[in-house]
Amino acid sequence: MTILFLFVALFALMLIGVPVAVSLGLAGSLTILLFSPDSVTSLAIKLFETSEHYTLLAIPFFLVAGAFMTTGGVAKRLIDFANASVGHIRGGLAIGAVMACMLFAALSGSSPATVAAVGSIAIAGMVRSGYPQAFGAGIVCNAGTLGILIPPSIVMVVYAAATEQSVGKLFMAGVVPGILLGLGLMVAIYIVAVKKNLPAMPRATLREWLSAARQAVWGLLLMVIILGGIYSGMFTPTEAAAVAAVYSAFIALFVYKDITPRDCPKVLLESGKLTIMLMFIIANAMLFAHVLTTEQIPQQITAMVLEAGLQPWMFLLVVNIVLLIAGAFMEPSAIILILAPILFPIAVQLGIDPIHLGIIMVVNMEIGLITPPVGLNLFVASAVTGMPVTQVIRAVMPWLALMLAFLMLITYVPWISLALPNWLGMN
């Protein structure tokens with residue numbers, strides 16, 4: 001009865017248009033009021049506990065770093081470097097946009113930020129060179145999802161907080177799948193470009209390439225600082241986020257000089273707004289997860305799954321279907337915080353690696369970001385290009401098959417996610 005009420009209340013509130021964060025908090029609060037021996041004061045304590053979760057501190061820092069990188073000209077320099085590297089291949093501008101998304105994803109930790117930063121420059125460049133606008137929008141929308149798969153990733157930080165897993169290990173587990181998806185998109189673009197005879201740029205000379213690399217090197221160095229610092233044990237992922245924020249501000253203000261000190265309050269305000277929105281969702285989702293835990297709901301569902309005799313491969317198929325449906329309607333962090341506490345114990349019982357489960361969830365969230373009606377990347381691409389959302393959806397759909405094939409590969413070949421962290425000896 002408690003389980004039924006909790007989920008019916010949640011979906012009923014969301015259906016009548018109550019924001020996701022408020023729906024989560026209200027459903028949890030009502031369940032405790034009506035069914036639980038817990039006092040209502042436990043809700044206030046839980047909200048406060050959430051706000052002081054050390055791992056979650058990484059989120060505002062990565063958002064600040066992303067804001068400085070987006071506002072400053074880092075994205076433009078990364079696109080120039082990508083075009084100098086691969087622009088001469090047929091479809092090279094589109095391949096360069098994917099490469100730029102991969103590089104920017106390794107700086108920002110956010111998919112919408114990646115689409116906004118790269119899309120605003122790359123799509124316009126593609127249209128000028130004779131590419132259809134819809135083709136460019138579809139590419140950047142899909143490649144932008146790499147923002148949450150290639151480390152650092154805000155969604156991975158949230159999963160780590162929800163399941164008490166190592167953020168560093170999750171980051172390393174995302175490297176190979178992220179590169180694989182990026183390469184897969186590049187190969188698909190090349191095949192389409194050859195068939196459609198899309199334009200190629202003149203090959204960059206060595207001097208032009210070195211010039212583009214020199215311009216982009218400060219942005220690229222941030223990847224080395226974040227991942228090198230975490231793996232070498234120099235600092236934790238949360239400290240890495242703080243270092244990234246300071247470094248990004250320094251680069252934007254004093255090296256590239258794209259923004260002035262007068263612009264700083266605006267950049268900080270924008271990232272502050274995003275942080276508050278995300279943390280409000282996270283706090284309410286943690287409250288919801290608290291109700292799940294106190295009512296022993298994950299344990300009950302685990303027992304039911306084990307009694308039903310589900311094989312690991314069948315369970316993972318069910319997980320993918322549930323996450324794909326949820327991803328179409330909700331924000332990734334909220335989904336992770338609601339479903340991770342339920343799926344995590346079942347996965348452990350079935351012998352599925354928690355880090356592998358985390359990467360599966362992140363890839364599902366990637367697809368959710370380009371799935372209507374709530375796919376965030378669709379709206380960002382629409383705002384950047386001025387195209388109606390319906391046209392953006394149509395542009396994205398042909399690439400969705402590739403994303404689903406990639407999801408199946410990641411789900412049933414755990415080696416792809418686990419090889420790098422295991423090789424590095426991460427526990």
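A residue is called buried here when its relative accessible area is under 20%, and exposed when it is over 50%. Keep that cut-off in mind as we walk through this predicted model.

**The whole protein**

The fold has 20 helices and 0 strands. Of its 427 residues, 56% count as buried. How does the radius of gyration fit a compact globule? For 427 residues, such a globule would have a value near 22 Å, and the protein has 22 Å, so the two agree. Along the principal axes, the C-alpha atoms fill a box of roughly 70 × 50 × 45 Å.

Contacts across the sequence tell you more about the fold. Among contacts with a separation of 6 or more, 80% join residues 24 or more positions apart. The accessible surface comes to about 17,700 Å², and carbon and sulfur atoms make up 70% of that area. As for charge, there are 16 positive and 15 negative side chains, with the centres of the two sets 22 Å apart.

**A look at helix H2**

Helix H2 covers residues 20–35, which makes 16 residues. From first C-alpha to last, H2 reaches 22 Å, close to the 22 Å expected at 1.5 Å a residue. Its buried residues are Ala21, Ser23, Leu24, Gly25, Ala27, Gly28, Ser29, Thr31 and Ile32. A helix rule is handy when reading such a list: an α-helix has 3.6 residues a turn, so residues three or four places apart point the same way.

Serine 29 is a good residue to click on in H2. Is its side buried or exposed? Serine 29 is buried, because its relative accessible area of 18% falls under the 20% cut-off. Leaving aside residues up to four places away in sequence, serine 29 touches Leu43 and Leu287.

**Backbone features in the loops**

Most residues other than glycine have a negative phi, and most peptide bonds are trans. Against that background, three places in the loops are worth a visit. The peptide bond from proline 151 to proline 152 is cis, with omega near 0°. Proline 152 sits in the loop between helix H8 (133–144) and helix H9 (154–163).

The other two are non-glycine residues with positive phi:

| Residue | Phi | Loop | Relative accessibility |
|---|---|---|---|
| Glutamate 164 | about 60° | between H9 and H10 (167–196) | 71%, exposed |
| Lysine 257 | near 55° | between H12 (237–255) and H13 (264–294) | 62%, exposed |

Glutamate 164 counts as exposed because its relative accessibility is 71%, and lysine 257 counts as exposed because its value is 62%.

How values were computed. Residues numbered from 1 in each chain as written. Heavy atoms only, no water. Helix = DSSP H or I, 4+ residues; strand = E, 2+ residues; numbered from the N terminus. Rg over C-alpha atoms; globule rule 2.2 N^0.38 Å. Buried < 20%, exposed > 50% of the residue type's maximum accessible area, 1.4 Å probe, protein only. Contact = heavy atoms within 4.5 Å. Areas by Shrake-Rupley, 256 points an atom, 1.4 Å probe, with all protein chains shown as cover. Lys, Arg positive; Asp, Glu negative; His and termini not counted. Charge placed at Lys NZ, Arg CZ, Asp CG, Glu CD. Expected span 1.5 Å × (residues − 1).
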